[in-house]
Amino acid sequence: MLPNRLGLGARPPMPSFGQGPSISALAAQQQMQHPQFVPQQPKAITLFIGSISGGITDNFLNDILKACGPITSFKRLITPANKPQGFGFAEFQDPDSALRAMTLLNGVELPALEDGCVNKKLLVKADERTKSFLDAYQAQKMRTDTDDELLRQAKGRVDAMLSDINKKSQEATSNGLIDREKYVIPPHLHDLQEADLPETQRGLVMTEIAQFRERAAKREREKMRDVREAMPNVLAAPSGPKVREWGKPQLSGQPESPQEGKGFGKGLQGYSKPVGFVKAEDGSGTPSGDRHLSARLAKSDEELEAERREIRRKDEENSYKDRERRYEPRERNRIAALERAIARERAMKEAEVRDQTEMRARLDVWDDDESDELFYTDRARWRAARARRLATEQAADEESRLYEERETENLRRESEAFLARQMDEMQALQEEQRKAGMLLDDGAPVKLGVSLTAVAKKTESASKEKATTLFGQEEEEEEAIKKRKVPMPKLDLAESGEKAKERLEKIRGEVPRDKETLFKGKVRWDGVSDPMIDRKLEPLVKRQMTKYLGELEDDDLIMFVLEHLKDHKSPQKLVEGLEPVLEEEASEFVVSIWRQIIFESMAYGEGLHTEKLMVD
């Protein structure tokens, strides 16, 4: 190294003469103990976007989601009718954008842009794992003024987009492009709360109620439209002069009609006075409606409010008792199961501790030289004893195998003997029927009119003996040919009871688990009918969807899978349709469903009924 001049340049490190490590060594050691901090990349967050109003496009959803923060993708399924589903999945690039979307968009009402649809409140939620991560992230992160500013800007953009689409919806409605009318929900349905419904059926019930209300509103609109169209014909129909409306008293200040007292109609069918209707009265002469109305008016507002509060309190108390009655058994069973699990874990831990203590005590005093076991004292005797024990086990195994072979041979001989007896009995029965004229020579069965056929044959034979006809022989031959062509009835020889269960268990074990082998299997769709899919496969699909996605608000994804199965499509297409939602778990989901379908097909081919038996 060149010498240092005027204090410039790098000096060589000072040698160490036992005073301790050098500065460079200390720096290297510190760098090894404390590696350089690498900032963690933000984690992508996937949210469920549901309850999308009819007519809302993907472009609008992408724009309103991007207003909350950068997104990677937004996926939305398409129905077989090439119509977008009412839900989708949005993937945000960072947790902050996902939190802003849940804060600003959840519960926002979007207008319907299609005929017969109603406005829906947008649902933005995360599954349990993502929600727990977002809660932990929000609890650890310190909120700053920058976050508030970003939230304010996102809210402004979202409000502007909502005002634009609401304006477009109002203009389309006013121009007659969209036929959407508000419908009034009956008061007795307002008391239905989601908390009163079971958690497993809450989404299904609320969806069915919303669809029922939409259909009812649509029918009501069509009915009112028909009434309006028929109204001019009714007004144009001739009618007599109107004195007053039926059921309404004539006002004192109203002048009488000039035709009053003259009657209506002419000739024999005419009448001199109009028909009057009087309200029903009780024995006291006071109408029942007036009596109830007077009794209600006699009470003050405080008394009426007290009655309403008392009725509401009783309803709430009954509802609380009902929920408590349903809640207590479930919690009691859950606590009992938890106590059993805790007791089982405690017993396992105590057994492990006891075994460890015994083994530790045994190993503390163990000495190979002083051991009295044959393995250490006399290895040759141990090997001879081991050889004798192995020979004994092999002989026992051979004897057991021979016994099984003898039992199998005995069962085979018994089966053959039983079948031979059955065959002899069937042949004897056929001979008896043939002698009695109930069976033809070729073994084809005869229809129920056996006696009449026999009488006809006797009559025909007698007539042949008396006089021969020209076409008699040909008609007899054609009748014999027709009887020979009668197909044999298919006998149902499927076993029942224990044998059927054993065969079903064997078939369930033969269902392949490999994806390629499973998808290549042939499906007998005549055995997998639509009622069986609705009765047996729909609960399986719901359980699997709940397993992978959690509780679903809508059943669109479940209906997509069921329609795919009813259309007899391949499993590969089902995997492709579910990959945007389930991603890598789509193959596992389809394998679990297709194993049940293959099991049903194999059982149907064997003539067995699976009833409620599942393959997994």
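**Notebook: surface patches, a covered helix and backbone angles**

I began with charge on the surface and found that Asp 367, Asp 368, Asp 369 and Glu 370 gather there in a patch of negative charge. I note at the outset that the model is predicted. I then placed one member of the patch, Asp 369, in the loop between α8 (301-364) and α9 (374-377). Its relative accessible area is 74%, so I recorded Asp 369 as exposed, the cut-off being over 50%.

Next I looked up nonpolar surface. Met 359, Leu 363, Trp 366 and Tyr 376 make a nonpolar patch of about 400 Å². I located Trp 366 in the loop between α8 and α9; Asp 369 of the negative patch is likewise found in the loop between these helices. I entered Trp 366 as partly exposed because its relative accessible area is 33%, which lies between the limits of 20% and 50%.

I turned to the chain as a whole. I counted 18 helices and six strands in its secondary structure. Of its 616 residues, 22% count as buried. The accessible surface comes to about 46,800 Å², and carbon and sulfur atoms account for 54% of that area. I also checked contacts between residues at least 6 apart in sequence: 64% of them join residues at least 24 apart.

I then examined helix α3, residues 95-105. Which of its residues are buried? I listed Pro 95, Ser 97, Ala 98, Leu 99, Arg 100, Ala 101, Leu 104 and Leu 105. That is eight of 11 residues, and I therefore describe the helix as mostly covered, buried meaning under 20% relative accessible area. I asked what covers these buried residues. The cover includes the strands β1 (45-50), β3 (84-92) and β6 (123-125), together with the helices α2 (58-66), α4 (128-140) and α5 (145-174). After α3 comes Gly 107, with a positive phi near 90°.

I followed this with positive phi values outside glycine. For context, most residues other than glycine have a negative phi. Ser 51 is not a glycine, yet its phi is positive, at about 55°. I placed Ser 51 in the loop between β1 and α2, two elements that I had already entered among the cover of α3. His 568 is another residue other than glycine with a positive phi, here near 60°. I found His 568 in the loop between α16 (556-566) and α17 (571-582). Is His 568 buried or partly exposed? I recorded it as partly exposed, because its relative accessibility is 41%.

Conventions
Residues numbered from 1 in each chain as written. Predicted model: local features only at pLDDT ≥ 70, side-chain atom pairs only at ≥ 80, totals over all residues. Heavy atoms only, no water. Patch = residues over 30% accessible without salt bridge, like charges linked within 9 Å, V, L, I, M, F, W, Y side chains within 5 Å. Areas by Shrake-Rupley, 256 points an atom, 1.4 Å probe, with all protein chains shown as cover. Salt bridge = Lys/Arg side-chain N within 4 Å of Asp/Glu carboxyl O. Lys, Arg positive; Asp, Glu negative; His and termini not counted. Charge placed at Lys NZ, Arg CZ, Asp CG, Glu CD. Helix = DSSP H or I, 4+ residues; strand = E, 2+ residues; numbered from the N terminus. Buried < 20%, exposed > 50% of the residue type's maximum accessible area, 1.4 Å probe, protein only. Contact = heavy atoms within 4.5 Å.
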